[in-house]
Amino acid sequence: MRELLSIPPDVDLLAHLRCFVAVAETQHFGRAAERLHVTQPALSRTIARLERTLGAQLFERTSRTVSLSSAGEVLLADAEHLVDRADRFLETAARARRGEIGTIRAGIPLGLPAATVATLARSFRDRHPGVGLDLRELPADARLGPGLDAALLVPEPGDGASGGGRARVHRGPALVQPLGVLVPAASALAERRELHLADLAGHALALLPIDRAGWDPDLLGACRRGGFEPVAIHRPEQPAFALGLVLAGEAIAFGDPGQAHDDIVWRPLVGAPVSRRLQPVWRDGGRGALFAQAAVRALREGDAWLRQDDAAAPPAAQASPRPGSFA
C-alpha cells in the first residue's frame with residue numbers, strides 16, 4: 001500500500017486549493033488575488049507553500065504569463081471537485097443552521113378555502129425549495145399541538161397581535177381578511193353589486209367553522225350593530241354543508257371570493273363590517289418561523305389579508321411587506 005502524502009498541520013489545504021483554482025482559472029496572480037481579496041505577494045507565498053507541500057510545480061511562470069504545468073493540469077480537476085464539494089457542504093451546513101432543510105409540520109384551520117391552501121403551499125415551496133412542508137388540517141379552535149412546528153390559528157378573543165405568548169411559543173402578527181357574503185345566484189341579493197348588513201335581514205346565517213372558532217360573539221355582535229339579526233344560526237362542522245345550505249337558499253354565509261362557485265355568488269359588504277382573522281405561531285428553536293414568515297407574506301400578497309394593526313389605516317398608509325420579515 002502506497003503511503004499517502006502528509007499534509008503539515010499548519011497548512012489549510014482547502015484554502016490553498018482555492019488559491020490554486022483561482023490562479024488556474026484567471027492565469028494571472030493579480031486578478032486571482034483580487035477575486036480572493038488577498039494581496040498578490042500573499043497569494044504567491046500560498047501557491048509556493050502548496051507546491052512545496054505537494055512536491056510538484058503547479059504553474060509555469062514567466063515575466064508575462066502564468067500557465068499550468070503538466071502536474072497542475074492533472075491536479076486541477078480534483079482540486080475543483082474538492083473545492084466545489086466543500087462549498088456545497090458549507091452551504092448545506094448554513095441551511096441547516098437556518099432551519100432550511102428537512103420537513104416542517106404545519107397546521108392550518110379546517111375550512112380554509114382551497115385557493116388559500118394552494119397559495120400557502122405554493123408560496124412556501126417557491127421560497128424554500130429545499131424544505132418539505134407537511135400541511136395538516138386542524139379544528140378551527142385548535143392550539144399549537146406537540147406534533148407541529150408551526151400553525152396558522154384563529155386567535156381567541158384577547159390573543160395579542162404579536163409577542164411571545166406561552167413559553168416556547170412565538171406569535172406573529174394577527175392578520176385580518178374583510179369578508180363579503182355568499183348568497184344563492186338566483187336570489188335578489190345576488191342582483192346587487194354590494195350589500196349592507198341590514199340587507200341580510202330575514203335570512204338565516206351558516207357560520208363556517210373557521211369563522212366561529214372562539215369569537216362568535218365578535219362576529220354576531222358586528223351583525224347586530226349593522227342591522228342583521230339572523231333568524232337562525234347554523235353551525236355545521238364542514239364547509240361543504242354550509243355552502244349547501246346557501247345553495248339551497250336556506251341561509252347566507254360570510255366568506256371570500258374564492259369560496260364562490262357554481263350557483264353561489266360573492267358580494268362585498270359595505271364598510272367591511274365582518275372579517276376573518278388568522279395568526280401564525282411557531283415553536284421556539286425550530287424551523288417553524290420559516291413557515292410563519294412565508295404564510296404571512298403569501299396571505300398579504302395573494303389573498304388581500306391585512307395586518308390587524310393596518311386594517312383601520314387608509315390604503316396609502318398600509319406598507320408593502322418586506323422580504324424576510326413579518327411586514
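**Exercise 1. Strands β3 and β4**

Task: In this predicted model, determine how many bridges join β3 to strand β4 and which way the two strands run.

Solution.
Step 1. Locate the strands: β3 covers residues 103-109, and β4 covers residues 132-138.
Step 2. Count the connections: seven bridges join β3 to β4, and the two strands run parallel.
Step 3. Take one pair as an example: Ile108 has Glu137 in β4 as its bridge partner.
Step 4. Consider the surroundings of β3. Five of its seven residues are buried, so this strand is largely enclosed by the rest of the structure.

**Exercise 2. The sheet containing β8**

Task: State in what order the strands of the open three-stranded sheet lie, and identify which are its edge strands.

Solution.
Step 1. The order is β11-β8-β12, and the pairing is antiparallel.
Step 2. The edge strands are β11 (253-255) and β12 (264-267), since each pairs on one side only.
Step 3. On average, neighbouring strands of this sheet are turned by 40° against each other, direction ignored.
Step 4. Examine one pairing in detail: strand β8 (residues 180-184) is joined to β12 by four bridges. Within this pairing, Leu182 has Trp266 of β12 as its bridge partner.
Step 5. Add the neighbouring helix: α7 (residues 239-247) lies across β8, β11 and β12, and runs at about 60° to β8.

**Exercise 3. The packing of α1 and α2**

Task: Describe at what angle helices α1 and α2 pack, and decide whether their crossing is right-handed or left-handed.

Solution.
Step 1. Helix α1 spans residues 13-26 and helix α2 spans residues 29-36; they pack at an angle of about 130°, with their axes 8 Å apart.
Step 2. Classify the angle. Roughly perpendicular ends at 115 degrees and roughly antiparallel begins over 145; α1 and α2 are therefore oblique to each other.
Step 3. The crossing of the two helices is right-handed.
Step 4. List the contact residues: α1 contributes Arg18, Cys19, Ala22, Val23, Glu25 and Thr26, while α2 contributes Phe29, Arg31, Ala32, Arg35 and Leu36.
Step 5. Sort them by class: the contact has six nonpolar, one polar and four charged residues.

**Exercise 4. The position of Ala79**

Task: Decide whether Ala79 is buried or exposed, and name which residues it touches beyond four places in sequence.

Solution.
Step 1. Ala79 belongs to helix α4 (residues 70-97).
Step 2. Its relative accessibility is 3%. The limit for a buried residue is under 20%, so Ala79 counts as buried.
Step 3. Leaving out residues up to four places away in sequence, Ala79 touches Leu17, Phe20 and Val21.
Step 4. Compare sequence and space: Ala79 and Val21 are 58 residues apart along the chain, and their C-alpha atoms are separated by 6.9 Å.

Technical notes
Residues numbered from 1 in each chain as written. Predicted model: local features only at pLDDT ≥ 70, side-chain atom pairs only at ≥ 80, totals over all residues. Heavy atoms only, no water. Axes fitted to C-alpha atoms, helices over the stretch in contact; angles between N-to-C directions. Parallel < 35°, antiparallel > 145°, perpendicular 65-115°, else oblique. Left-handed = near helix turned anticlockwise from the far one by under 90°. Contact = heavy atoms within 4.5 Å. Nonpolar A, V, L, I, M, F, W, Y, C, P; charged D, E, K, R; others polar. Buried < 20%, exposed > 50% of the residue type's maximum accessible area, 1.4 Å probe, protein only. Pairing = 2+ DSSP bridges.
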